[in-house]
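Me: I would like a close look at one part of this chain, namely the loops where a residue other than glycine takes a positive phi. Please set that part in the context of the whole model.

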Amino acid sequence: MITDYGLLIDLHKQGHRQGPGREAETEKAINLATIDRTAPVKIADIGCGTGASALVLAKCLNAKIMMVDFLQDFLSVLKEKAENMEVADRISTYNIGFEKGVADWRRYLKTGGLLVVSEITWMTDSLPWELQDHWIANIPKLMSPLPKDRC
Ligand SMILES: C[S@@+](CC[C@H](N)C(=O)[O-])C[C@H]1O[C@@H](n2cnc3c(N)ncnc32)[C@H](O)[C@@H]1O
């Protein structure tokens, strides 16, 4: 029997991305970071999902990219996409725990290197109470301050 967790994975692995943003935002981040698109760079995408951002980086930059996610299902979808886009030779995948990843990332960043982070963001003041309760229980900081309305 499939668990709730399994259902969530199944739902999200079919999505184009698992977080906010579009290809245009990844392009914008490349421009803001003033990365030379022809110079060889190494990138780690930590929490890469099925590769929405990292595959754009693989396409646009002369990059070797380490894709990290704790869900093997996402990494498998990502690998298939990379092969279809013919950028598979530019990526490798790895699976790490979040706490360890956050604690360890800094020492992998070279001098002048950049850490680019995206996080879920509310675009509304009105959020269904079921969602509020879920996020308060799981990521309380995300819900501070609380939305104005409980609907
Ligand atoms: C909000 S999604 C963003 C995915 C992708 N970067 C995007 O923009 O579409 C966060 C990702 O982090 C991954 N993740 C969460 N906890 C993790 C952990 N402990 N170790 C590695 N990956 C983790 C999830 O599986 C998920 O794919």
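**Two loop residues in context**

Reply: Confidence comes before the loops. The model is predicted, with an average pLDDT of 83 over the chain and a score of at least 70 for 81% of the residues. Among the elements, helix H3 (residues 54-60) has the highest mean pLDDT, 94, whereas strand S5 (residues 149-150) has the lowest, 58.

Next comes the layout into which the loops fit. The chain has 6 helices and 5 strands. Along the sequence, these elements follow the pattern α-α-β-α-β-α-β-α-β-α-β.

Now to the loops themselves. Thr 34 lies in the loop that runs between helix H2 (23-32) and strand S1 (41-46). Its phi is positive, about 45°, although Thr 34 is not a glycine. Is this residue buried or exposed? Thr 34 is exposed, because its relative accessibility is 68% and the cut-off for exposed is over 50%.

The other residue to look at is Glu 86. Its place is the loop between helix H4 (72-84) and strand S3 (91-94). Glu 86 is not a glycine either, and its phi is positive, near 60°. With a relative accessible area of 69%, Glu 86 also counts as exposed, because that value passes the cut-off of over 50%.

The pictures can be put side by side. Thr 34 sits in a loop between a helix and a strand, and so does Glu 86. Thr 34 has a positive phi, as has Glu 86.

For contrast, consider two cysteines. Cys 48 has a relative accessibility of 6% and is therefore buried, since buried means under 20%. Cys 60 has a relative accessible area of 18%, so this residue is buried as well. How many disulfides does the structure hold? The number is 0.

Finally, the chain as a whole. Of its 151 residues, 25% are buried. The accessible surface amounts to about 10,900 Å², and carbon and sulfur atoms account for 58% of that surface. As for contacts with a separation of 6 or more, 51% are between residues 24 or more positions apart.

To return to the request, the residues to find in the structure are Thr 34, exposed at 68%, and Glu 86, exposed at 69%.

Terms used
Residues numbered from 1 in each chain as written. Predicted model: local features only at pLDDT ≥ 70, side-chain atom pairs only at ≥ 80, totals over all residues. Heavy atoms only, no water. Helix = DSSP H or I, 4+ residues; strand = E, 2+ residues; numbered from the N terminus. Buried < 20%, exposed > 50% of the residue type's maximum accessible area, 1.4 Å probe, protein only. Contact = heavy atoms within 4.5 Å. Areas by Shrake-Rupley, 256 points an atom, 1.4 Å probe, with all protein chains shown as cover. Disulfide = S-S within 2.5 Å. pLDDT = per-residue confidence, 0-100.
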